[in-house]
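Let's go through this protein together, asking how each label is earned. Take a look at the sequence and structure first.

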Amino acid sequence: MEYVLPIVALLLVLFLVGRGLPLRRWPVLLAGTLAVIVLVVLAERSGYWPTGWRVR
């Protein structure tokens, strides 16, 4: 459940943001979203993420 809820929330946000975009702009939206996710995961694993924001 720890991973399912963030994935569902991400897909919902992508759907809501992308509704107004033309279909050809979706790859840009997906690439930007994945880049943000990768940056957050790297920041958390390397210790740069604030400890107050961690779920565990």
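Q: How much area does the protein expose, and what share do carbon and sulfur atoms supply?
A: The protein exposes about 5,200 Å², with carbon and sulfur atoms supplying 72% of it; accessible areas come from the Shrake-Rupley method with a 1.4 Å probe, and for residues only the protein chains shown count as cover. This is a predicted model, where local features need pLDDT of at least 70, side-chain atom pairs count only at pLDDT 80 or more, and totals for chains, interfaces and linings use all residues. Residues are numbered from 1 along each chain as its sequence is written, and side-chain values use heavy atoms, leaving out hydrogens and water.

Q: Why is Gly-18 called buried?
A: Buried means under 20% relative accessible area (exposed is over 50%, partly exposed in between; 1.4 Å probe, protein chains only). Gly-18 has 3%, so Gly-18 is buried. Buried residues make up 7% of the 56 residues.

Q: What is Gly-18 in contact with, leaving aside its neighbours within four places in sequence?
A: Trp-26 and Leu-29; contact means heavy atoms within 4.5 Å.

Q: How do you know that the span of helix α2 agrees with what it should be?
A: Helices are DSSP runs of H or I with at least four residues, strands are runs of E with at least two, and both are numbered from the N terminus. The expected span is 1.5 Å times one less than the number of residues. For the 20 residues of α2 that gives 28 Å, and the end C-alpha atoms are 29 Å apart, so the two agree.
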